[in-house]
Amino acid sequence: MEQKEIALIGRISAAVTHEMRNVLAIIRESSGLMEDILALSEESSFPHRDKFANALGKIEKHVRRGDEIVTQFNSFAHSMDQPQDRVELNELVSQVVVLMQRFARSREVTLSAEPLDGAPSVDTNPIRLILALAACVEQFVNHAASGEAIVLRPDKDNDRAVI
């Protein structure tokens, strides 16, 4: 694929993530309004109050989760903007962990990031680095036993950045 095609995929993906953020914001606002109405009502006037409050809590939890996924996917999409850029490894590792969670969960493997204070930044092709790390994670996940954990941790080895 040529860089202009990769950049177009990135722009389309970024536009979709912006739209999904708008959808999540409307759900969050509507849920907040329902919580306000619930708080104003008297206990006796609202049957099934506990079930309703529990459902609103679940909505908020999943909106936060969706927002994190969309945020990281948006960052992924923008990584296609430039063929060369400075990449902060803590951010890159966090992004890959969020984007690869479904693969890990499906194999009952725990996938996490462990940020490093003062983690290095590297000049690279962002999308190629993300895809290379995602391919490595996929291999680790596919070969891990159920219940195992994979931790991505940026580090420094002399003058080199490592994960």
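Which residues does valine 96 touch, not counting residues up to four places away in sequence? In this predicted model, the partners of valine 96 are Ile130, Leu133, Ala134, Val137 and Leu152. Two of these names return in the description of the largest nonpolar core, which holds 23 residues. Within that core, Val96, Leu111, Val137 and Leu152 touch the most other members. Two or more residues are contributed by each of α3, α4 (126–143) and β4 (149–152). Helix α3 provides the largest share, with 7 residues.

Helix α3 also has a place for a polar side chain, glutamine 95. With a relative accessible area of 3%, glutamine 95 falls under the 20% limit and is therefore buried. Once its neighbours within four places in sequence are left aside, glutamine 95 is in contact with Gln72, Ser75, Phe76 and Ile130. Ile130 is thus a shared partner, as it is touched by valine 96 and by glutamine 95.

The other three partners of glutamine 95 lead to the packing of α2 against α3. From α2, the residues Arg65, Glu68, Ile69, Gln72, Phe73, Ser75 and Phe76 take part, and they meet Gln95, Val98, Leu99 and Arg105 of α3. Sorted by class, this contact comprises 5 nonpolar, 3 polar and 3 charged residues. As for geometry, the axes of α2 and α3 (residues 89–106) come within 8 Å and cross at roughly 120°. An angle of roughly 120° lies outside the 65 to 115 degree range for roughly perpendicular and is not over 145, so α2 and α3 are oblique to each other. Their crossing is left-handed.

Helix α2 has a further partner in α1. The axes of α1 (residues 3–40) and α2 (residues 49–78) come within 9 Å, with a crossing angle of roughly 160°. Because angles over 145 degrees count as roughly antiparallel, that description applies to α1 and α2. Here, too, the helices pass in a left-handed crossing. The residues of this contact divide into 15 nonpolar, 9 polar and 7 charged.

Serine 13 offers a closer look at α1, the helix in which it lies. Its relative accessible area is 12%, and serine 13 is therefore buried, the cut-off being under 20%. Not counting residues up to four places away in sequence, serine 13 touches Phe73 and Ala77. Phe73 belongs to α2 and is also listed among the residues that meet α3.

Away from the helix packing, two loop residues deserve a friendly mention for their backbone. Most residues other than glycine have a negative phi. Glutamate 108, although not a glycine, has a positive phi of about 55°. Glutamate 108 sits in the loop between α3 and β2 (110–113). Is glutamate 108 buried or exposed? Its relative accessible area is 56%, which means that glutamate 108 is exposed, since the limit is over 50%.

Asparagine 158 is the other such residue, again with a positive phi of about 55° and again not a glycine. The loop that holds asparagine 158 runs between β5 (155–157) and β6 (160–162). At 74% relative accessibility, asparagine 158 also counts as exposed.

Key:
Residues are numbered from 1 along each chain as its sequence is written. This is a predicted model: local features need pLDDT of at least 70, side-chain atom pairs count only at pLDDT 80 or more; totals for chains, interfaces and linings use all residues. Side-chain values use heavy atoms; hydrogens and water are left out. Axes are lines fitted to C-alpha atoms, for helices over the stretch in contact, and angles run from 0 to 180 degrees between N-to-C directions. Helices (H or I, at least four residues) and strands (E, at least two) are DSSP runs, numbered from the N terminus. Angles under 35 degrees count as roughly parallel, over 145 as roughly antiparallel, 65 to 115 as roughly perpendicular and the rest as oblique. A crossing is left-handed if the near helix is turned anticlockwise from the far one by less than a right angle, and right-handed if clockwise. Ala, Val, Leu, Ile, Met, Phe, Trp, Tyr, Cys and Pro count as nonpolar, Asp, Glu, Lys and Arg as charged, and the others, Gly among them, as polar. Contact means heavy atoms within 4.5 Å. Buried means under 20% relative accessible area, exposed over 50%, partly exposed in between (1.4 Å probe, protein chains only). A nonpolar core is a set of buried Ala, Val, Leu, Ile, Met, Phe, Trp, Tyr and Cys residues joined through side-chain atoms within 4.5 Å.
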